[in-house]
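User: Hi! I'm new to reading protein structures and would like to understand the words people use for them. Could you take me through this one?

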Amino acid sequence: MFGTVVVGVGIAGLARIRDLMNPMPSSPSEHLKLFGFVSRRSFGSINEAKQISLEDALRSKEIHAAFISTENKTHEETIRMFLEAGKHVLVEYPMALSAKAAHELWEMAEQKDKVLHVEHIELLTEEYKQLKKEVAGKDLVKGTLHFTGSVLDENKTGFPAFSGIARLTWLIDLFGDLTVTSATREMQKDKNYSRMTVHFQTANKKPLTWIEERGPGMRREKKINFCFTSGCLENFPQAPRSAVGLFMQDQNLFAKKLLGQVSKEELAAEKWRILRCLDLAEVIQQHCEQPEKICS
């Protein structure tokens, strides 16, 4: 059994507490036992899970792994603390708000022989699994992924290339390695509006565009337009509803890693994808923050 603690009790943290307390029968998650949760706010207990201090969580010999569900800006520091304390770590994406920090943390986990698992539930949705099947084996001509959503507090969530890394992860997972050819950001501060536009090239020199657009009242939505030599895909394929929740699927994957049930090849591929996306996010931020690139 692996004793666990949940750090942060926002939407994701509450889902983690729920799933740790109600593991799927006969799943790897049955090897995880929740010892409590850490929060800056005072709760006492949530669904019979008791609140403990950060110091106790770091010090406890009964806690082997931390589930980090705090604000993006605190991920790096919190991961570092738990790795230094000799704990395994599951963290919600993005694992850090700089590529350098992400590489350092991964190196630290490997040196300490600890699992560092970054949640990317966007790859576990039935919608995405169907899309991946649809795209498999086709030759891309060009493509666009356009995301819209409500306003974020960037002091907490980081630059849009990091807070929106789920979209970048899709593109890398679907089309392989990418190179940033240009990236710009339009901001209308008086309207609290932001639009980041990134142009990539695939390894085969095919163009891909990622648009991340946020403003007050904007619906959370993804639109695709992927054109292949065989035709264009403009709508997501129909997908059945999964019987297993996304956080539970992710939790099972983390537990499998703790149990040594994930191959070295899979782990290496996942490490490359996560760090490559963070490298690209940083390149995008650098492009957008060049003075002549900003429209405000």
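Analyst: Happy to! This is a predicted model. Let's begin with the second largest pocket, which holds about 430 Å³ of space. Of the 19 residues lining the second largest pocket, Glu110, Lys114, Val115, Leu116 and Leu267 are the closest to its centre.

User: What makes Leu267 a lining residue of the second largest pocket?

Analyst: A lining residue has an atom within 4 Å of a pocket point. Leu267 is among the 19 residues that line the second largest pocket, so Leu267 has such an atom.

User: Which helix gives the most to the lining of the second largest pocket?

Analyst: That is H10, with four residues. H4, H9 and H10 each supply at least two. By class, this lining has nine nonpolar, three polar and seven charged residues.

User: Why is H4 called roughly antiparallel to H10?

Analyst: Look at the angle. Helix H4 (residues 99–111) and helix H10 (residues 264–288) pack at about 155°, and their axes are 8 Å apart. Angles over 145 degrees count as roughly antiparallel, so H4 and H10 earn that description. On the H4 side, the contact includes Trp106 and Glu110, and on the H10 side it includes Leu275 and Leu278. The residues of this contact divide into six nonpolar, one polar and five charged.

User: How do you know that H1 and H9 are roughly perpendicular to each other?

Analyst: The axes of helix H1 (residues 11–21) and helix H9 (residues 246–258) cross at roughly 65° and come within 10 Å. The roughly perpendicular range is 65 to 115 degrees, so H1 and H9 are described that way. H1 also passes H9 in a right-handed crossing.

User: Which residues of H1 meet H9?

Analyst: They are Ala12, Ala15, Arg16, Asp19 and Leu20, and their partners in H9 are Phe247, Met248, Asp250 and Gln251. By class, the contact has five nonpolar, one polar and three charged residues.

User: How much space lies in the largest pocket, and which residues are the closest to its centre?

Analyst: About 1500 Å³ lies in the largest pocket. Of its 43 lining residues, Ala12, Thr70, Asn72, Glu92 and Tyr93 are the closest to the centre. Ala12 is also one of the H1 residues that meet H9.

User: Which element gives the largest share of that lining?

Analyst: H3 does, with six residues. Other elements giving two or more residues include H1, strand E12 (221–228) and H9. The lining of the largest pocket divides into 17 nonpolar, 12 polar and 14 charged residues.

Conventions: Residues numbered from 1 in each chain as written. Predicted model: local features only at pLDDT ≥ 70, side-chain atom pairs only at ≥ 80, totals over all residues. Heavy atoms only, no water. Axes fitted to C-alpha atoms, helices over the stretch in contact; angles between N-to-C directions. Parallel < 35°, antiparallel > 145°, perpendicular 65-115°, else oblique. Left-handed = near helix turned anticlockwise from the far one by under 90°. Contact = heavy atoms within 4.5 Å. Nonpolar A, V, L, I, M, F, W, Y, C, P; charged D, E, K, R; others polar. 1 Å grid on protein atoms, 1.4 Å probe; cavity = no way out; pocket = protein on both sides within 12 Å on 5 of 7 lines; lining within 4 Å. Points joined across faces, edges and corners; volume = space filled by probe spheres on them.
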